[in-house]
Amino acid sequence: MGDFNLALVIVAVVVCILVFIFNVYLLVNYQHPDDANQAYFPKFVVVLGLSVAAISILMLPADVANRQACRHSIYNGACNLTLPMKDLWLAVYILDAVLVFFVIPFAMFYYEGDQEKTVGKRIKSALLWVVTTAIVCGLVLGILYGLIGKVDFTVMHLSSTTTSFPSTWDFSSSQQCIGGTHQCSAYSASASSEKTWTMRTTFPEYVVALATIVGSVLFAIFGGVGIACLPLGLIFAFIRRPKAVITRSQYIKEATELGKKAREMKKAADNLRQEEKSGSKGRKWRKNVKAVEKELLQLEEDVKLLEEMYPQGEKAETSWALTILGYLAKLVLGILGLIVSVVWVAHIVIYLLINPPLSPFLNEVFIKLDDIWGLLGTAAFAFFCFYLLLAVIAGAMMLGLRLVFITIHPMKWGATLMNSFLFNVGLILLCSISVIQFCSTAFAYYAQATAAQEIFGHTLQSLRGIRYLYKYNVFQIAFVCLAGLTFVYYAAFGWRRRKPSGRFQLST
């Protein structure tokens with residue numbers, strides 16, 4: 001047993017180091033050249049946030065492995081676990097909440113502050129916003145915790161008498177208890193035997209629960225849309241791909257139109273900058289800023305598509321061949337992703353929405369993979385959890401392009417500004433709590449008797465005021481419905497090639 005414990009600790013430490021190194025690699029390669037050798041505090045927050053999100057997802061497989069330290073014990077309290085998983089869960093998710101609601105907003109306000117102001121004034125302005133947010137959040141949490149910070153467990157009161165140990169037992173369907181008049185069978189007990197056991201939850205658990213509710217709303221919306229648009233977007237990108245190289249005259253005509261559009265965008269951006277300096281940053285100004293950001297992103301995509309259709313230089317043929325291979329890769333990844341998405345939705349319906357479940361489905365798959373090789377089931381489990389996070393990002397991108405009230409923050413290789421980094425990290429952190437809760441519920445059979453089950457399976461689903469959201473599977477139903485609607489949308493409109501927009505004008 002000691003060798004197992006030591007191996008688990010070593011694996012946990014090595015994985016944390018690898019996650020940190022990988023996130024530094026992502027930051028270095030995705031950051032915009034304008035942020036090179038500066039904005040060190042936002043970069044530290046980005047690396048820390050991505051590491052916390054990744055480690056939190058990997059903690060559920062670690063929780064399952066940690067429980068194996070007691071596999072030879074009659075009951076869990078008969079041995080000491082390798083890692084204090086419940087304390088680690090609470091610590092990670094309290095850190096998650098602090099990053100999402102305080103540290104990341106501060107870093108974004110500081111980064112997006114007026115560059116003409118001094119560092120002290122930018123810090124003061126950012127602190128003002130964060131302190132205000134902290135006071136409001138603290139008051140809301142304190143009031144809610146004081147009023148309804150309790151859990152209501154539904155228990156069944158069963159009892160039986162005692163007797164001397166007999167040589168034979170005489171039990172039947174009509175005689176299930178010693179003494180005959182008591183209710184000792186949970187299966188046949190009447191409804192009157194159910195009681196409600198109320199106790200106050202701890203404050204850290206309550207903070208995690210409320211953060212999970214906020215994340216679950218975003219997860220149901222973005223994740224439901226993203227689980228469909230992530231693979232279908234890749235497949236329909238292949239369908240809408242350029243079929244052949246255009247002529248030089250066509251290229252000049254298209255490039256001229258894009259140049260005209262770029263000049264209009266620059267003029268609009270200059271006007272918005274002048275309005276910002278004059279202090280007129282009202283509702284209309286923010287709406288116009290979002291419109292310019294979305295039009296600029298579409299313009300960049302049009303330029304990229306035009307370059308693909310008319311490769312230039314000595315290696316034009318090689319460039320065209322690589323373009324074709326890129327779209328083929330998108331098709332393959334899209335088909336594989338579609339299979340994973342269909343399996344996910346099928347598992348939700350089979351195991352979560354139908355009561356009793358038709359089959360453990362993926363739970364059995366993970367267990368059988370663990371029997372083949374110890375880490376195979378764990379790796380498959382982690383893959384399905386990470387896929388949900390990718391779906392959340394894909395859903396946020398899709399809705400951001402189509403809904404005016406959602407700010408778009410695209411991630412681009414070598415061209416991602418820190419405010420976009422921080423926004424996406426905040427979204428990932430907020431939804432990672434819900435992903436873990438969702439996975440611990442969806443894979444309850446695989447992750448049974450873990451610390452995550454105790455926090456997310458018992459406390460959260462019995463919390464007063466919000467337990468009905470989980471009792472009636474509100475988030476799971478919303479997730480599946482949005483996935484279905486997104487699939488219908490892509491089936492109806494996804495194959496159409498987007499037409500370049502006309503003349504761009506700011507709203508007045």
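The following dialogue between a student and a tutor walks through a predicted model of one protein chain.

Student: What makes up the chain, in helices and strands?

Tutor: The chain has 14 helices and 2 strands, and buried residues make up 39% of its 508 residues. Its accessible surface comes to about 28300 Å², and 65% of that surface belongs to carbon and sulfur atoms.

Student: Why is Cys 385 called buried?

Tutor: Cys 385 has a relative accessibility of 0%, and a residue counts as buried when that value is under 20%, so Cys 385 is buried.

Student: How do you know whether Cys 481 is buried, exposed or partly exposed?

Tutor: The relative accessible area of Cys 481 is 45%, and since buried means under 20% and exposed means over 50%, Cys 481 falls in between and is therefore partly exposed.

Student: How many disulfides does a search of the whole structure find?

Tutor: The search finds 0 disulfides; to count as one, a pair of cysteine sulfur atoms would have to lie within 2.5 Å.

Student: What makes Tyr 30 and Phe 421 an edge-to-face pair?

Tutor: The structure holds 24 aromatic pairs. In the pair of Tyr 30 and Phe 421, the ring centres are 6.5 Å apart and the planes stand at 75°; rings pair when their centres lie within 6.5 Å, and planes over 60 degrees apart count as edge-to-face, so this pair earns that name. The pair links distant parts of the chain, with Tyr 30 in helix α1 and Phe 421 in helix α11, 391 residues apart.

Student: How do you know which of these two rings is buried and which is partly exposed?

Tutor: Tyr 30 has a relative accessible area of 23%, which lies between the cut-offs of 20% and 50%, so Tyr 30 is partly exposed. Phe 421, at 2% relative accessibility, is under 20% and therefore buried.

Student: Why is the pair of Phe 366 and Phe 384 called edge-to-face?

Tutor: The centres of the rings of Phe 366 and Phe 384 are 5.9 Å apart and their planes are at 65°, and because the limits are within 6.5 Å for pairing and over 60 degrees for edge-to-face, the pair qualifies. Phe 366 lies in helix α9 and Phe 384 in helix α10, 18 residues apart, and both residues are buried. Ring pairs also link Phe 366 and Phe 384 into a cluster whose members include Phe 219, Trp 344, Phe 381 and Phe 443.

Student: What makes us say that the charged end of Arg 241 sits over the ring of Phe 238?

Tutor: The charged end of Arg 241 is 4.1 Å from the centre of the Phe 238 ring, where the distance limit is within 6 Å, and the charge must also lie within 35 degrees of the ring normal. Arg 200 likewise has its charged end over a ring, that of Tyr 145, 5.2 Å from its centre.

Student: Which residues touch the most other members of the largest nonpolar core?

Tutor: That core has 79 residues, and Trp 89, Trp 344, Leu 388, Cys 439 and Phe 443 touch the most other members. Helix α11 gives the most to this core, with 15 residues. Beyond residues up to four places away in sequence, Cys 439 touches Leu 60, Trp 344, Phe 381, Cys 385, Leu 388 and Ala 444.

Student: What is unusual about the backbone, and where?

Tutor: Most residues other than glycine have a negative phi, and most peptide bonds are trans. A cis peptide bond, with omega of about 0°, joins Asn 355 and Pro 356, and Pro 356 lies in the loop between α8 and α9. Phe 361, found in the loop between α8 and α9, has a positive phi of about 50°, while Asn 473, in the loop between α13 and α14, has a positive phi of about 55°.

Student: Why is Asn 473 called buried, but Phe 361 partly exposed?

Tutor: Asn 473 stands at 17% relative accessibility, which is under 20%, so Asn 473 counts as buried. Phe 361 has a relative accessible area of 27%, which lies between 20% and 50%, so Phe 361 is partly exposed.

Definitions and conventions
Residues are numbered from 1 along each chain as its sequence is written. This is a predicted model: local features need pLDDT of at least 70, side-chain atom pairs count only at pLDDT 80 or more; totals for chains, interfaces and linings use all residues. Side-chain values use heavy atoms; hydrogens and water are left out. Buried means under 20% relative accessible area, exposed over 50%, partly exposed in between (1.4 Å probe, protein chains only). Rings of Phe, Tyr and Trp (its six-membered ring) pair if their centres lie within 6.5 Å; planes under 30 degrees apart count as stacked, over 60 as edge-to-face and the rest as tilted. Helices (H or I, at least four residues) and strands (E, at least two) are DSSP runs, numbered from the N terminus. Accessible areas come from the Shrake-Rupley method with a 1.4 Å probe; for residues, only the protein chains shown count as cover. A nonpolar core is a set of buried Ala, Val, Leu, Ile, Met, Phe, Trp, Tyr and Cys residues joined through side-chain atoms within 4.5 Å. Contact means heavy atoms within 4.5 Å.
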